[in-house]
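Open the structure in your viewer and keep the selection box at hand. The stops below are given in the order in which to select them.

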Amino acid sequence: MNLSERFYRGPAGVRYYDRQRAWPGYTLFSPAFGDQALLVDMNGLVVKNWPVVHCQLPELLPNGNLLADNYLAGLMELTWSGGMVWQWEGMCHHDFARLPNGNTMFLLATDEPDERGISILGQLRSDSILEVTSQNEVVWQWHFIDHTEELHDVGRVPFPVMVKDWLHTNTLEVLPPNSSGERDERFRAGNLLFSCRSQDVIGIIDRESEEIVWAWGVGYLDGQHQPTMLDNGHILLFDNGTLRGYSRVVALDPLSGDVVWTYEDPETFFSPYRAGVQKLPNGNVLVCESDSGRLFELTEEKEIAWEYRTALLGEQGRHIYRATRYGADFIHPLLEQDEVMVILEGRNVSMTKREVVERYWLSW
């Protein structure tokens, strides 16, 4: 089966929902490079949307504000109602993180001449990490090009590489407290987890020493996205399989290097260029099969508990770069800020969205 045959052409929206096994909440995503971020309930109803420009990665902050990218042209923080709070008008790409001190960290790519023999092409697109304050002052920078020896020694990345975009870093995560970090300081909270798609490698940067202290994936991964550290110390990620021809979701024990859980379906599961995963509180995994516009929730037994399809409206309408599920206890108080008109017993009645969802949510 070729790639075009795998794309779903049926009705959009929620195609399956097992209320007993799915983790209930609201799912946030943006059609890749689209102009809105959407928050949908478990039945696919859009309960909130924000106007964004060329966005692929929206994220809700703990205060309910939306942090979103304008791909290659900046970041913006919007209130729940859409008002501008903060903006970075500069280059950035693929991923960002809001830090506890209020600063924002993100990835930056720049073109530069290859003076170190890294690429056989003689030119590079190289990635860096920037940390900026709420006043857009750059307070920390880290450049991958200064750590090629560590990538080679720790991660077995071969040099010279065969492409100009020699890293294509697509993930930046600040490690949360986790079991592996309690046993091995390389994985302690505050260090940085990255993913370099072009080299099939994920790794850890120690914030204090600024060295790459752990890396894994060469010879196993194939164009991966969104590694994320779990509470139990395992790393969950989406292994795209761009060259392999099918995708898989992988959980890795970084202390032993063993893959401890996988999900794959070579006949139907394939997103070669974009993707994402999220571990949910009940143990399920939310999978973003981006290139086919499919979101689905897997149980630990690898059974589907929820499935959503985007409309097939051309390339921009179908793709979803990444999706995140938020719990009802987080979203419902935010919905108090929105009022809507509903017909109740033949009369137009003004209600908050929270009143609407609490009245009807469980029956949908």
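Select R156 first. In this predicted model, R156 comes just after helix α2 and takes a positive phi of about 60°.

Step back into α2 itself, residues 148–155. Colour T148, E150, L151 and G155, which are the buried residues of this helix. They span an arc of only 160° around the axis, so they sit on the same side of α2. The general rule behind such a pattern is that an α-helix has 3.6 residues a turn, so residues three or four places apart point the same way. Now colour E149 and D153: these exposed residues are on the face of α2 turned away from its buried side.

What covers the buried residues of α2? Show strands β14, β15 and β16, which are included in that cover. The helix lies across β14, β15 and β16, and its direction makes an angle of about 50° with β16.

Next, select the whole sheet that these strands belong to. It is an open sheet of four strands, ordered β13-β14-β15-β16, with antiparallel pairing. Which strands stand at the edges? They are β13 (169–174) and β16 (212–216); each has a single partner strand, so one side of each has no neighbour in the sheet. From one strand to the next, the twist averages 20°.

Zoom in on the middle of that sheet. Strand β14, residues 192–196, pairs with strand β15, residues 201–205, in the antiparallel sense over five bridges. For a single position to look at, pick F194, which stands opposite G203 in β15.

Now move to another sheet. Select β5, β6, β7 and β8: in that order, these four strands form an open sheet with antiparallel pairing. Here β5 and β8 are the edge strands, each with a single partner, so one side of each is left without a neighbour in the sheet. Neighbouring strands of this sheet are turned against each other by 15° on average, direction ignored.

Within this sheet, show β7 (residues 74–78) together with β8 (residues 84–88); four bridges join the two, and they run antiparallel. The hairpin they form has five residues between the strands, and among its residues G82 takes a positive phi near 100°.

Stay in β7 and select M76, which lies in this strand. Is M76 buried or exposed? Its relative accessibility is 10%, so M76 counts as buried, the cut-off being under 20%. In β8, the bridge partner of M76 is Q87. Leaving out residues up to four places away in sequence, M76 touches P51, V52, V53, L66, L67, A68, M84, W86 and Q87. Add K48 for a distance check: K48 and M76 are 28 residues apart in sequence and 18 Å apart in space, C-alpha to C-alpha.

The last stop is the largest pocket, with a volume of about 1,200 Å³. How many residues line the largest pocket? There are 37, and E59, E173, T228, Q278 and T324 are the ones nearest its centre. To see which strands contribute, select β5 (58–60), β9 (93–98), β13, β17 (225–229), β21 (276–279) and β25 (320–327); each supplies at least two residues of the lining. Finish on β25, which gives the most to this lining, with six residues.

Conventions: Residues are numbered from 1 along each chain as its sequence is written. This is a predicted model: local features need pLDDT of at least 70, side-chain atom pairs count only at pLDDT 80 or more; totals for chains, interfaces and linings use all residues. Side-chain values use heavy atoms; hydrogens and water are left out. Buried means under 20% relative accessible area, exposed over 50%, partly exposed in between (1.4 Å probe, protein chains only). Contact means heavy atoms within 4.5 Å. Two strands pair if DSSP finds at least two bridges between them. Axes are lines fitted to C-alpha atoms, for helices over the stretch in contact, and angles run from 0 to 180 degrees between N-to-C directions. The arc is that of the directions from the helix axis to the C-beta atoms. On a 1 Å grid over the protein atoms alone, a cavity is a set of points where a 1.4 Å probe fits but cannot get out, and a pocket is an open set with protein on both sides within 12 Å along at least five of seven lines; lining residues have an atom within 4 Å of a point. Grid points are joined across faces, edges and corners, and a volume is the space filled by probe spheres set on the points.
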